[in-house]
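Colleague: I would like to learn how to read the charged side chains of a model, beginning with pairs and ending with patches. Could we go through them one by one?

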Amino acid sequence: MLAVRAGDDGLAREALRRKGEHDHQLGEFAKQADLQKQAVDKLKDQLRTLNDKIEEAKRKKNILIARQKRAEAQRAIQETMRGLSDTSAFDTFERMAQRVDQIEAEAEASGELGGELTGDTLQQKFKALESGGVGSDMALAELKAKMGLGPMPEVRGALPGQSTGSASAEGADQKGK
């Protein structure tokens, strides 16, 4: 418009020709932009589809792992059951009880041997005499005397720590009740 006002028609024609070229390029660029947008949308859809397939593969993998663990557990149970079917559970418990009895007997024997090897057998015999049947026999005789079933026992040389006479009878009376 400026060239037409100035009276330069040649310049106006050249400007109109360039404007036409630019309009044509604008149309081409718009087509390219539309095609690029369609390609990007298609790639996004393919990416979503790929992500969905990856997630599905992960789920399948987890399911397969769970199935594998379940199968391994079942196999272990079957192997255990197969091993138990050869001998009953009661046989197993009996073997375990025998083993415990053997260990207890070995421990007791070891303790007895240890006591004999230390030379304390004399001291052990005196302890057995002090705590053994003498006191209980005396208490039984006193109880029988109290009930009128026998004579009152006489205390002969009581060991230190043992009481005499009626105190023992009273103690026996308390034990009997």
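Colleague: Which residue is partly exposed at 48% relative accessibility and forms a salt bridge with Asp 23?

Modeller: Before the answer, a word on the source: this is a predicted model, in which local features need pLDDT of at least 70 and side-chain atom pairs count only at pLDDT 80 or more, while totals for chains, interfaces and linings use all residues. Residues are numbered from 1 along each chain as its sequence is written, and side-chain values use heavy atoms, with hydrogens and water left out. Side chains of opposite charge can pair when their charged atoms come close. A salt bridge here is a side-chain nitrogen of Lys or Arg within 4 Å of a carboxyl oxygen of Asp or Glu, and by this rule the count comes to nine. The partner of Asp 23 is Lys 19, with the closest N and O atoms 3.1 Å apart.

Colleague: Where do Asp 23 and Lys 19 lie, and how exposed is each residue?

Modeller: Both lie in helix α2 (residues 9-86), four residues apart, about one turn of the helix; helices are DSSP runs of H or I with at least four residues, numbered from the N terminus. For exposure, buried means under 20% relative accessible area, exposed over 50% and partly exposed in between, with a 1.4 Å probe and protein chains only. Asp 23, at 40%, is therefore partly exposed, and Lys 19, at 48%, also counts as partly exposed.

Colleague: How many residues separate Lys 31 and Glu 28?

Modeller: Lys 31 and Glu 28 are three residues apart in helix α2, which means about one helical turn, and their side chains meet in a salt bridge of 3.9 Å, N to O. Lys 31 is exposed at 52%, whereas Glu 28 is partly exposed at 34%.

Colleague: What is the partner of Lys 37?

Modeller: Lys 37 pairs with Asp 41, the closest N and O atoms being 3.3 Å apart, and these two residues of helix α2 are four residues apart. Lys 37 is exposed at 52%, while Asp 41 is partly exposed at 32%.

Colleague: Which residues are linked in a network of salt bridges?

Modeller: Glu 14, Arg 17, Arg 18 and Glu 21 are linked in such a network.

Colleague: And which residues gather in a patch of negative charge?

Modeller: A patch is made of residues with over 30% relative accessible area and no salt bridge, like charges being joined within 9 Å. On the surface, Asp 91, Glu 94, Asp 101, Glu 104, Glu 108 and Glu 112 form the negative patch; among them, Asp 101 is found in helix α3 (residues 89-118) and is partly exposed at 48%.

Methods:
Patch = residues over 30% accessible without salt bridge, like charges linked within 9 Å, V, L, I, M, F, W, Y side chains within 5 Å. Areas by Shrake-Rupley, 256 points an atom, 1.4 Å probe, with all protein chains shown as cover. Lys, Arg positive; Asp, Glu negative; His and termini not counted. Charge placed at Lys NZ, Arg CZ, Asp CG, Glu CD.
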